[in-house]
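Please open the model in a viewer and keep the selection panel at hand. The stops below are meant to be taken in order.

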4 protein chains.
Amino acid sequence: MVNAATARSPFTALTPDVLARASRVRLVLTDCDGVLTDGGVFYSAYGEEMIRFDRRDGMGVERLRALAGIETGIVTRERSEVAARRSEKLGIRELHLGTLDKAAALEDIARRRDLSPSQVAFLGDDANDLAALARAGFAGCPADAFEPVRDACHYVCHAPGGHGAFREFAEIVLHAVLRESPRP
Amino acid sequence: MVNAATARSPFTALTPDVLARASRVRLVLTDCDGVLTDGGVFYSAYGEEMIRFDRRDGMGVERLRALAGIETGIVTRERSEVAARRSEKLGIRELHLGTLDKAAALEDIARRRDLSPSQVAFLGDDANDLAALARAGFAGCPADAFEPVRDACHYVCHAPGGHGAFREFAEIVLHAVLRESPRP
Amino acid sequence: MVNAATARSPFTALTPDVLARASRVRLVLTDCDGVLTDGGVFYSAYGEEMIRFDRRDGMGVERLRALAGIETGIVTRERSEVAARRSEKLGIRELHLGTLDKAAALEDIARRRDLSPSQVAFLGDDANDLAALARAGFAGCPADAFEPVRDACHYVCHAPGGHGAFREFAEIVLHAVLRESPRP
Amino acid sequence: MVNAATARSPFTALTPDVLARASRVRLVLTDCDGVLTDGGVFYSAYGEEMIRFDRRDGMGVERLRALAGIETGIVTRERSEVAARRSEKLGIRELHLGTLDKAAALEDIARRRDLSPSQVAFLGDDANDLAALARAGFAGCPADAFEPVRDACHYVCHAPGGHGAFREFAEIVLHAVLRESPRP
């Protein structure tokens, strides 16, 4: 069913450049707030309490891993225990909290995993993601990202943050990787 | 008022195939996340904390039971205490948590209730619902389901998950069942 | 500013019948879930935990009271401590929880307050509001109400439940009442 | 990247009056509910529990401070511990809870900071913000503000409250201030 799915219409509009970039991806890194979420943070009288993630994005993490052996990592400026819990649930091992220089983090992670930055995809939505997006082989953002971010990305998702952006990006990577080297 | 309601415009666009399938339904099974919810999961520093359900879907569960004697069941991969609480509130007795093979679950539930799979409706939204949807007599999904799921369903709701999809599906079943055998 | 506001465009589209009905209103009764909320109920592993209300609806309750001396009441089937807290915050004294027969409740409340049902407005969104809506002098519903409810109302709000419906309805009542007997 | 961003298309539609007003701003004051939020308040059985803020608005507070030395303040009628926690997180020092007369608060804050009201921007969304908006040198509101508020503002954001309105307003101020006196 996956092959049928990945051969379908949403992918016919992808440019050769996007397909080529996506097909080289071996690791997907993503910002948390504004990408895995819609930017919302729920405060109580005790401070930040909750964040809304999306189960469908979680399925994207799983599908990248199960169908193409591609891991996902979270790189965020926030020192967020909430992001840590979400990360554990999805079996994400590249979790980088309190990251001020995301471009350096991207390069460190790539080096440690014997990847070139061109093999790393990055999803971000705001000003502090710009440098990392410029380093990544495949740069994407949600539909509702900060305008300079949208201008800096190879692919702007149709879906906004927290409502399908990560999943859309993951399915494009899956599609591009699997058509290059289909699994038996 | 119900008869007036069920005879109205939203139903005139239903195909004869959809009406025939819906009229045979004696049990409605549904995925939880992405169908009864919009896919959102609220995390705190302690992990998954809350899920948003919709009171109008609850009214759909009640109306299926009260007006047509049709029960509803939840079949989900998550081992979710949250889904269990929602289930209790609605008096749902078919609650299947941690279900990896939803198609097998559908067949087991049908057999135990002396129903054929053609008498079971299934609502799902993502890749792991595809097999169960293929088994169900009447397969439906929210408007924002994963594209291969939308392609595999007899009926794609106008409403997205968590915002009316279950209720819309339930009202179609009610309409089709009651026009076959109206209650006095 | 209020007079300027209430004389403006949103109100020019109101029919004479709606204006006449609204001008007689001395009490506004409203369902809770689906009207003051978007129908959402947030569950945790301990059951129903939270409901989202809207501050702008609260301002509608205050403006009805301050500018026209019109009180608001909540009539809901749920035995909801959450609705009780919201009610206290807004100074609402007519709070009717666990109400199965909302039409009878409307009549009781009206009688106790020496009002005729034609002086009572009711806002509802689902099947169990139909009888009360039929009794009310001015019946309204959110844009996303159950279709038979939309058909049964004198006024269907442009705003959906939980996102401005109550406030829109309250401003219409205010407009109609104040143009009949403007305050000095 | 900031200059590139601030020189871009969203700003070309700004009128000379809006640009002139925005360029004089040295302090941004904002209402909380309906501006930094979508108006939603989450109640539990214990009363008001949580409010949803947006990380992207927080980035707006930071960018105003870091790129133009402009501080932000919150002025709200609610005595909200929740707003206080959000304020602390963003390093906001002008926090005015329980403020019934927002216009007087605006004037007090301006006087204390040796600013004229024409150097103060105010963002509000509802009836109780009207007087403060009339005093501010640059008055703005979210797209979904109360209609009389929209009529009273120099700038109506394209974004609704809680979903980008504050950030949009902040970027306009930044753009206007930085083009007057670009930082090296």
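The tour goes from confidence to the barrel, its helices and the core.

This is a predicted model, in which local features need pLDDT of at least 70, side-chain atom pairs count only at pLDDT 80 or more, and totals for chains, interfaces and linings use all residues. Residues are numbered from 1 along each chain as written, chains are lettered from A in the order written, and side-chain values use heavy atoms, without hydrogens and water.

Colour chain A by pLDDT, the predictor's confidence in each residue from 0 to 100. Its mean is 93, and 94% of its residues reach 70 or more. Over residues 1–8 of chain A, however, the pLDDT is below 50. For the complex, the predictor gives an ipTM of 0.92 and a pTM of 0.93.

Next, select β2 and β3 in chains A, B, C and D: these eight strands close into a barrel with antiparallel pairing. Strands are DSSP runs of E, at least two residues, and helices are runs of H or I, at least four; two strands pair if DSSP finds at least two bridges between them. At one seam, four bridges join β3 (residues 47–54) of chain A to β2 (residues 40–44) of chain B. Zoom in on A:D54, whose bridge partner in β2(B) is B:G40.

Add helix α3 (residues 55–68) of chain A, which lies across β3 of chain A together with β2 and β3 of chain B, at about 65 degrees to β3(A). The angle is taken between N-to-C directions, from 0 to 180 degrees, with axes fitted to C-alpha atoms, for helices over the stretch in contact; contact means heavy atoms within 4.5 Å.

Finally, select C:F138, which touches residues including C:V18, C:H154 and C:F169.

How values were computed
Lists of a residue's contacts leave out its neighbours within four places in sequence.
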